[in-house]
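Okay, thanks for having me. I'd like to talk through the empty spaces inside this one, and then some of its helix packing.

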Amino acid sequence: MRYEGLGVRGERRGVRRFFHTSYLILPTFLLLAWLYGDVIRLPFYFDDLNQVPYAGTHTLAQIWTADAGSAYYRPLGSAIWHIAYRWWGAGSAAWLHALNGLLHGINGLLLAWLGEMLATGRPRPRLSWRGALAALLFWLYPFSYQAVPWIGALFHLLVTTLVLASLLCYCLARLTGRRAWTLVGLACALLAPFTHENGLLIPLLVGLVVWTQRQPARRVVRDGLLWSAPAVVWLLVRLFFVSAGPALLRLNNAETLFQNAAYFAQGVGYPLTAVGGWLRDRFGLNDLLLALVLTALALALAAAAQRRGGRAVLWSWGWAAVAVMPALPFLSFNYVISGPRLLMLASAGICWLWADVFVRLAGTWTTSRLRWSATAVLCLLLLGQNALFVRQRVRQHDLLGSAVRQAVRQVQAANAAGHSAYVLNMPSWMAARRTVYPLGHEGITFLPDYIPSADLLRAQVDEPLQVELLTYADLKPEMPYYYEAAGGGLDWPRLNAEGGAFFLTTFAPTAMTVREVGVIGAAAAPDDAPDDAPDDAPDDAPDDAPDDAPDDAPAAVFTGPAGGTVHLAGTAVWDGAAVTVTLSWRAAGAVTAAASIFVHAVDASGQLVGQGDGWAIAGIYPPTLWPPETIITDVRYIPLVDPPAAIRVGLYNPVGGARWPAHTPAGQPWPDDALLIPVGQKPGF
């Protein structure tokens with residue numbers, strides 16, 4: 001096999017020499033770990049929530065004959081999930097995230113090796129600046145931000161590995177004459193379509209490589225037919241040994257084809273389309289046309305830089321085009337703009353293309369230092385922009401993952417205490433308010449709405465969880481990012497009947513916190529003494545404080561305008577940053593009068609230093625909804641850097657502000673009609 005203009009052949013030991021320049025690769029792997037290292041602690045999310053456990057609970061035979069109920073036949077990836085889930089259970093998430101990152105790193109090395117081999121005609125080329133830059137661009141390719149963190153994108157990463165390995169083995173076989181490389185390459189080509197449908201593109205890519213190296217047409221046909229054999233085997237297995245039918249595909253109309261082409265073109269011309277989002281917002285330009293125009297300008301620049309490269313430089317162009325062919329005519333535009341992972345295989349050709357362009361633009365240091373320096377600056381700006389783009393989205397992943405991890409711990413604790421759990425405003429997706437590229441959402445779907453809310457957290461642990469996700473829009477603050485909450489609305493009659501612990505997700509620009517806000521408990525045992533016992537009742541009269549309040553907790557009885565009574569006991573603890581106020585309410589009967597709750601933190605002189613007013617359970621549970629004789633635990637957090645002296649709690653009429661009269665269980669009135677709760681300090685503060 002003769003390579004255009006470079007004709008060095010027959011060298012037999014390829015791996016060691018290529019890695020002699022590992023001093024260029026090690027820093028890049030460290031950068032890759034910095035960019036994607038946080039994904040290892042991510043939980044299962046998106047389709048992982050049902051796909052991985054489903055694969056883990058079915059046999060390998062079922063997976064290879066029906067692929068565990070998937071709409072697609074991709075058994076190799078599902079088999080990997082099966083083994084990991086059987087071995088580690090819910091703990092397999094970390095291992096599978098690590099596997100994705102490892103494959104991404106390997107793919108960059110395979111790309112550099114394949115590209116160097118095609119450029120030099122040597123089976124064991126030294127790693128050049130072009131190869132190192134191609135690997136670096138591949139690792140930092142911005143549209144990979146979805147595929148690397150998401151376990152469900154294993155198919156795209158693994159098929160890229162197998163395609164690159166298959167092409168690499170093909171080239172090694174032609175250069176060294178060793179048939180063993182052909183056998184290994186054909187084995188990779190056989191496994192590739194069982195990983196993802198893009199594995200069927202290997203014969204086309206082989207033909208592309210042969211054509212760009214100016215081989216005779218008969219060799220193109222002969223090698224193309226040989227490397228089509230694995231695809232034929234896959235097709236026979238798919239037709240005769242798989243019980244699940246193939247996914248139904250429909251050809252897109254002209255409009256959708258145009259839209260999909262614009263999105264994929266944006267990924268090809270990404271060094272220039274990275275300014276598309278700013279141009280679109282600044283001048284109100286059409287996003288589709290802008291993506292195409294910027295891509296056309298970028299590719300015109302690339303063609304000008306490679307004008308003397310001959311046919312040999314076209315393999316990267318053809319690779320990018322061939323890799324998007326299956327998705328272009330069949331997938332909907334809504335699916336495509338939400339699936340940057342679809343560019344994973346294409347990114348190998350795209351990144352080699354731009355690495356070659358930058359190297360050609362730079363020339364050499366000795367011929368033009370100014371040109372070399374200017375190109376280096378442009379390249380560093382692109383790499384910096386890519387790294388920033390990826391890092392921001394990995395941080396969004398980590399933010400969503402932290403909320404899920406906290407929720408799981410809280411739910412486990414609540415279930416252990418005998419309560420069902422309700423998590424309010426658990427984020428389902430997140431996206432930046434401004435997109436960098438003209439097309440696409442650039443966001444992260446974490447908890448999809450087509451999976452029952454009770455299953456969204458259960459996949460994270462090897463135990464059943466009694467949990468439901470709920471949404472309450474009034475508790476969703478505006479953030480510097482877009483987000484939505486998972487779950488349905490509040491059904492208080494059902495929630496009152498079932499009871500349980502409530503947890504609220506609170507949002508900040510760089511953090512999310514899931515913490516307990518209350519419990520609707522079991523019905524309290526009725527008191528032996530009537531609610532209207534006289535004020536001079538004996539000291540041994542039954543305590544009117546709620547049953548689960550501490551024995552020494554201060555207590556109060558509030559009398560409403562219509563004569564109904566509400567009992568309260570409470571505690572307060574300062575932990576160095578906030579006061580946690582735990583209030584135990586019990587309505588002696590139905591509360592018919594409207595009432596609001598005030599919770600004031602006061603200093604030693606009685607001055608207000610903080611407050612946490614509002615209805616119970618994060619302000620969503622008014623007293624008029626409280627079931628009679630049921631304990632309502634209400635937890636509030638008042639941020640304070642210094643400990644207050646006490647907390648004052650009471651009820652008042654929202655119209656006019658008149659406070660409900662309050663007295664002690666012994667009948668003594670509370671000053672200002674407010675229960676006074678002393679503030680303790682958490683040990684260590």
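**Cavities and helix pairs**

So, cavities to begin with: the count comes to four of 30 Å³ or more. Keep in mind that what's on the screen is a predicted model. As for how we look for holes, rolling a probe the size of a water molecule over the atoms shows where empty space is left.

How much volume does the largest cavity have? About 70 Å³. Its lining is made up of 13 residues, and the ones nearest the centre are G564, A590, V591, T592 and W660. If you sort that lining of the largest cavity by class, you get seven nonpolar residues, six polar and no charged.

Next, the second largest cavity, with about 40 Å³ of space in it. Who lines that one? The residues are F143, Y145, Y263, I337, P340, L439, G440, H441 and E442. The split for the second largest cavity is six nonpolar, two polar and one charged.

Okay, on to the helices. Two packed helices are described by the angle between their axes and the distance between the axes, and I've got three pairs to show you.

Let's take α10, residues 202-212, with α17, residues 314-324: they pack at about 160°, and their axes are 9 Å apart. That angle makes α10 roughly antiparallel to α17. And the hand of the crossing of α10 and α17, left or right? Right-handed. On the α10 side, the contact is made by L204, L205, L208, W211 and T212, and α17 brings L314, W315, G318, W319 and V322. Going by class, the α10 contact with α17 has eight nonpolar residues, two polar and no charged.

Next pair: α7, which is residues 129-139, and α20, which covers 369-416. Their axes come within 10 Å and cross at roughly 30°. So α7 and α20 are roughly parallel to each other. Who touches whom here? L133, L136 and L137 of α7 meet C379, L382, L383 and N386 of α20. That contact of α7 with α20 breaks down into six nonpolar residues, one polar and no charged.

And then there's α5, residues 75-88, against α6, residues 92-120. Here the packing angle is about 145°, with the axes 9 Å apart. The crossing of α5 and α6 is right-handed. If you zoom in on the contact, α5 offers I80, W81, A84, Y85 and W88, and these meet S92, W95, L96 and L99 in α6. By class, the α5 contact with α6 has eight nonpolar residues, one polar and no charged.

That's what I have, so over to you for questions.

Definitions and conventions:
Residues are numbered from 1 along each chain as its sequence is written. This is a predicted model: local features need pLDDT of at least 70, side-chain atom pairs count only at pLDDT 80 or more; totals for chains, interfaces and linings use all residues. Side-chain values use heavy atoms; hydrogens and water are left out. On a 1 Å grid over the protein atoms alone, a cavity is a set of points where a 1.4 Å probe fits but cannot get out, and a pocket is an open set with protein on both sides within 12 Å along at least five of seven lines; lining residues have an atom within 4 Å of a point. Grid points are joined across faces, edges and corners, and a volume is the space filled by probe spheres set on the points. Ala, Val, Leu, Ile, Met, Phe, Trp, Tyr, Cys and Pro count as nonpolar, Asp, Glu, Lys and Arg as charged, and the others, Gly among them, as polar. Axes are lines fitted to C-alpha atoms, for helices over the stretch in contact, and angles run from 0 to 180 degrees between N-to-C directions. Helices (H or I, at least four residues) and strands (E, at least two) are DSSP runs, numbered from the N terminus. Angles under 35 degrees count as roughly parallel, over 145 as roughly antiparallel, 65 to 115 as roughly perpendicular and the rest as oblique. A crossing is left-handed if the near helix is turned anticlockwise from the far one by less than a right angle, and right-handed if clockwise. Contact means heavy atoms within 4.5 Å.
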